[in-house]
Amino acid sequence: GLYLDRIEALNPALNALISVDRERTLAEARAADELRARNAAGALAGVPLIHKDIFCQQGWKSSCGSRMLDNFVSPYDATVVERCRAAGLVTLGRANMDEFAMGSSNENSWYGPVKNPWDIRAIPGGSSGGSAAAVAARMAPVATATDTGGSIRQPSSHCGITGIKPTYGTVSRFGMVAFASSLDQGGVMAQTAEDCALMLNVMAGFDPRDSTSLERETEDYTRDLEKPLDGLRVGLPREYFADGLSADVARVVDEAVAELRKLGAVVVDISLPNTELSIPAYYVIAPAEASSNLSRFDGVRYGHRAAEYSDLVDMYEKTRAEGFGAEVKRRIMVGTYVLSHGYYDAYYLKAQKIRRLVANDFKAAFAQCDVILGPVAPTAAFDLGQMSDDPVQMYLSDIYTLSVNLAGLPGMSVPAGFDGKGRPVGLQIIGNYFGEAKMLNVAHRFQ
Ligand code: GLN
């Protein structure tokens with residue numbers, strides 16, 4: 001009740017949620033009470049949360065921020081939703097997002113932009129901007145999110161909260177609307193590393209319905225939270241502190257590193273030489289996969305269908321012209337182009353080779369250090385509208401987050417300070433494969 005009232009009061013100004021359904025929430029709360037009475041739920045029974053609108057959820061509109069799915073009420077639960085339900089978590093609503101998770105500012109949503117709760121002139125980041133703004137504004141203690149090229153870490157940084165994207169394959173993609181399947185990974189945002197760890201305990205684990213889900217022993221992500229940091233080797237990639245990084249962000253990151261040094265961490269200079277190439281590689285691979293994934297939206301089986309058309313092809317064309325926004329269309333065009341006969345070798349294949357080089361960079365770096373630290377984005381949150389007519393400029397701001405997804409590594413953002421305008425700045429922590437507990441250990445020091 002308390003959270004629902006707060007959502008009602010704040011959402012008109014922030015636009016963080018696309019759907020709220022008080023009756024449904026209260027019904028879920030009663031179901032959670034029953035689980036608790038039977039001792040059938042874990043530590044998080046009764047805790048309210050918000051799901052990013054990308055996760056299919058039975059009985060809820062699951063729009064993915066798109067007009068294409070504005071009329072889509074999911075008949076089934078994504079694995080993430082199912083696991084949260086089984087743990088007794090209660091859905092407060094569904095978070096706004098960039099359409100099909102394409103964007104870094106949340107300005108690409110069919111439902112309008114989300115505002116940053118720290119300063120409503122600023123973007124909250126994207127694509128999981130609704131999830132981040134909701135947690136920052138205390139509309140929910142936790143929210144689910146996804147990260148294909150930074151969409152958990154960057155909005156967490158801009159909204160001053162903690163967010164974690166686990167190793168690729170840790171959280172099931174079943175029922176999560178596909179953007180770029182080889183990069184997409186679900187994760188979570190919260191106020192603290194401890195809350196993120198508790199949520200990962202619920203969300204992570206093998207799922208036979210996701211072909212890239214990893215079959216591993218379950219682990220307790222809270223296990224190392226209190227571990228001392230003595231001797232921990234933290235790598236600082238030279239390329240992350242070069243031209244393009246704002247002085248404000250550099251200062252906050254430097255201060256955070258100094259703090260960890262005091263706690264016993266040892267700083268190691270490392271190099272990730274292919275960092276710059278991660279931008280063109282990502283912006284070839286992600287649109288290529290997206291152009292294929294989005295072909296399912298044809299107006300035939302579900303979602304939007306144009307009202308008037310002359311024949312089947314006309315129906316496809318009108319449906320897709322109306323249903324998709326400008327950024328999504330841009331990605332479909334780029335993706336189709338780089339996959340086309342004659343250009344495949346020049347673009348797609350080349351990008352795949354760069355992807356391997358980026359992964360090798362990390363492999364070499366992790367021979368020298370335990371975690372990698374750096375900025376999440378070159379600046380704190382920029383103003384709404386500032387970059388909306390310059391997509392390439394927006395793409396360039398993803399420089400510090402994309403390579404983690406290309407390599408499939410885990411990454412997180414933890415609040416570390418503020419820029420000169422009082423806008424939050426996060427510290428990025430990158431772990432080796434399955435290094436979540438170690439990253440959370442470091443992040444826990446900042447809370
Ligand atoms: N900003 C990146 C993009 O637009 C990342 C999005 C994401 O991680 N979903 O593709």
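## Backbone, core and ligand shell

User: Between which two elements is the loop that holds Cys64?
Analyst: This is a predicted model, where local features need pLDDT of at least 70 and side-chain atom pairs count only at pLDDT 80 or more, while totals for chains, interfaces and linings use all residues. Residues are numbered from 1 along each chain as its sequence is written. Helices (H or I, at least four residues) and strands (E, at least two) are DSSP runs, numbered from the N terminus. On that basis, the loop holding Cys64 runs between strand 2 and helix 3 (79-86).

User: Cys64 has a positive phi although it is not a glycine; is the residue buried or exposed?
Analyst: Most residues other than glycine have a negative phi. Cys64, however, has a phi of about 60 degrees. A residue is buried if 20 or more other C-beta atoms lie within 10 Å of its own, exposed if 12 or fewer, and partly exposed in between, with C-beta atoms placed from the backbone. Because Cys64 has 28 such neighbours, it counts as buried.

User: What about Asn39, also with a positive phi: buried or exposed?
Analyst: Asn39 sits in the loop between helix 2 (22-37) and strand 2 (48-52), with a phi of about 60 degrees. It has 8 C-beta neighbours inside 10 Å, so Asn39 counts as exposed.

User: Which two residues does a cis peptide bond join?
Analyst: Most peptide bonds are trans. In the loop between strand 3 (90-95) and helix 4 (129-136) lies Ser127. The cis bond there, with omega of about 5 degrees, joins Gly126 and Ser127.

User: How many residues surround the ligand?
Analyst: A residue is near the ligand if its C-beta atom, placed from the backbone, lies within 6 Å of it. The closest are Ala101, Ser104, Thr148, Gly149 and Ser151, and the number surrounding the ligand is 13.

User: How many residues in that shell are charged?
Analyst: Ala, Val, Leu, Ile, Met, Phe, Trp, Tyr, Cys and Pro count as nonpolar, Asp, Glu, Lys and Arg as charged, and the others, Gly among them, as polar. The shell has 4 nonpolar and 7 polar residues, and the charged ones number 2.

User: How many residues does the largest nonpolar core have?
Analyst: A nonpolar core is a set of buried Ala, Val, Leu, Ile, Met, Phe, Trp, Tyr and Cys residues joined through C-beta atoms within 7 Å. Those with the most contacts inside the largest one are Ala134, Val135, Ala143, Val188, Met189 and Ile429. Ala143, for instance, touches residues including Leu49, Ile50, Ala134 and Met189 (contact means C-beta atoms, placed from the backbone, within 7 Å). The residue count of this core is 128.

User: How many of the 11 residues of helix 6 are buried?
Analyst: Helix 6 (residues 193-203) is mostly covered. Its buried residues pack against several elements, among them helix 3, strand 4 and helix 14 (436-444). The buried ones include Asp195, Leu198 and Asn201, and their number is 10.

User: Why is helix 14 largely enclosed by the rest of the structure?
Analyst: Its buried residues, among them Glu436, Leu440 and His444, pack against strand 5, helix 6, strand 9 (371-375), strand 10 and strand 11 (424-431). Helix 14 is largely enclosed because its buried residues make up 7 of 9.

User: Which element has the lowest mean pLDDT?
Analyst: pLDDT is the predictor's confidence in each residue, from 0 to 100, and the protein's mean is 97. The complex also gets an ipTM of 0.98 and a pTM of 0.98. Among the elements, strand 4 (residues 142-146) has the highest mean (99), and the lowest (95) belongs to helix 2.

Conventions: Contact = placed C-beta atoms within 7 Å. Lists of a residue's contacts leave out its neighbours within four places in sequence.
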